[in-house]
Amino acid sequence: MSIQGVMNTRLGEHIGLMESNAFVQCTAAALSIAALAFYRTGSFAEIGGSPKIYLLGGVFGLIITITVMLGIKNLSPTVSISIILISQLLVAALIDYFGIMGSDKMPFGWTKLLGLGLMIGGVVLFKLQK
């Protein structure tokens, strides 16, 4: 993710943010379609039976790609990716704790909270270091 984020950001500096995003998303779509020729595990016919909320994954892909590029451009790769990882971990913990989208409920104790706090402290130290 770090390498891709920096590559996308640098491409965006040359051709534009949205142009870079469109290129990245189209390349991924083309490769995904090509991969279907070799590896299939399901059927598109079942998409109508899926909960509609799950169909927003592509929308989130767009949002994630753009926010990663903007973060790396404005903060630096290290700080940006650190914030993204902490955010991902926090959201995953909330999904586990509340059992969102059919996930098994998992406890969120003080040790996990302390771990997140230490990670946030690490990002602050990285940002303060000049």
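# Reading a helical chain

Reader: Let's start with α1: how far does this helix reach from its first C-alpha to its last, and what span is expected at 1.5 Å a residue?

Author: Helix α1 covers residues 2-15, 14 residues in total, and its end-to-end C-alpha reach of 20 Å is close to the 20 Å expected at 1.5 Å a residue. Please keep in mind throughout that this is a predicted model.

Reader: Thanks! Now, which residues of α1 are buried?

Author: A little background helps here. An α-helix makes a turn every 3.6 residues, so residues three or four places apart point the same way. In α1, the buried residues are G5, N8, T9 and G12. They sit on the same side of α1, because the arc they cover around the axis is only 100 degrees.

Reader: Which residues are exposed on the other side of α1, and what covers the buried ones?

Author: I3, M7 and H14 are exposed on the other side of α1. The cover over its buried residues includes α2 (17-36) and α3 (57-75).

Reader: What follows α1 in the chain, and what is its phi?

Author: G16 comes next, with a positive phi near 110 degrees.

Reader: Let me try the same reading on α2. Which of its residues are buried?

Author: S20, N21 and V24 are the buried residues of α2. Here too the arc around the axis is only 100 degrees, so they lie on the same side of α2. On the face turned away from that buried side, you will find the exposed residues F23, C26 and I33. α1 and α3 are included in what covers the buried residues of α2. As for its length, α2 has 20 residues and reaches 29 Å between its first and last C-alpha, close to the 28 Å expected at 1.5 Å a residue.

Reader: And α3: which residues are buried there, and which helices do they pack against?

Author: Buried in α3 are T65, I66, V68, M69, G71 and I72. These buried residues pack against α1, α2 and α4. The span of α3 can be checked too: its 19 residues should span 27 Å at 1.5 Å a residue, and the end C-alpha atoms, 26 Å apart, agree with that.

Reader: Where does S76 lie, and what is the value of its phi?

Author: The general idea first: most residues other than glycine have a negative phi. S76 is not a glycine, yet its phi is positive, near 115 degrees. S76 comes just after α3, in the loop between α3 and α4. With a relative accessible area of 26%, S76 is partly exposed.

Reader: Where is M101, and what is its phi?

Author: M101 also has a positive phi, near 55 degrees, in a residue other than glycine. Its place is in the loop between α4 and α5 (110-128).

Reader: Moving into α4, why does S80 count as buried, and which residues does it touch?

Author: S80 lies in helix α4, residues 77-98. Its relative accessibility is 3%, so S80 counts as buried; the cut-off for buried is under 20%. Leaving out residues up to four places away in sequence, S80 touches V68, G71, I72 and L75. Among these, V68, G71 and I72 also belong to the buried residues of α3.

Reader: How many aromatic pairs does the structure hold?

Author: The structure holds 1. Y97 and F98 form this pair, edge-to-face, with 4.9 Å from centre to centre and 90 degrees between the planes. Y97 is partly exposed, at a relative accessible area of 42%.

Reader: Let's step back. How many helices and strands does the chain have?

Author: The chain has 5 helices and 0 strands, and its elements run α-α-α-α-α from the N terminus on.

Reader: How does the radius of gyration of the chain compare with that of a compact globule of 130 residues?

Author: A compact globule of 130 residues would have a value near 14 Å, whereas this chain has 18 Å. Its C-alpha atoms fill a box of roughly 50 × 45 × 25 Å along the principal axes.

Reader: What share of the residues counts as buried, and how much area does the chain expose?

Author: Of the 130 residues, 18% count as buried. The chain exposes about 9600 Å², and carbon and sulfur atoms supply 72% of that area. For the contacts, take those between residues at least 6 apart in sequence: 59% of them join residues at least 24 apart.

Technical notes
Residues are numbered from 1 along each chain as its sequence is written. This is a predicted model: local features need pLDDT of at least 70, side-chain atom pairs count only at pLDDT 80 or more; totals for chains, interfaces and linings use all residues. Side-chain values use heavy atoms; hydrogens and water are left out. Helices (H or I, at least four residues) and strands (E, at least two) are DSSP runs, numbered from the N terminus. Buried means under 20% relative accessible area, exposed over 50%, partly exposed in between (1.4 Å probe, protein chains only). Contact means heavy atoms within 4.5 Å. The expected span of a helix is 1.5 Å times one less than its number of residues. The arc is that of the directions from the helix axis to the C-beta atoms. The radius of gyration is taken over C-alpha atoms; the globule rule is 2.2 Å times the number of residues to the power 0.38. Accessible areas come from the Shrake-Rupley method with a 1.4 Å probe; for residues, only the protein chains shown count as cover. Rings of Phe, Tyr and Trp (its six-membered ring) pair if their centres lie within 6.5 Å; planes under 30 degrees apart count as stacked, over 60 as edge-to-face and the rest as tilted.
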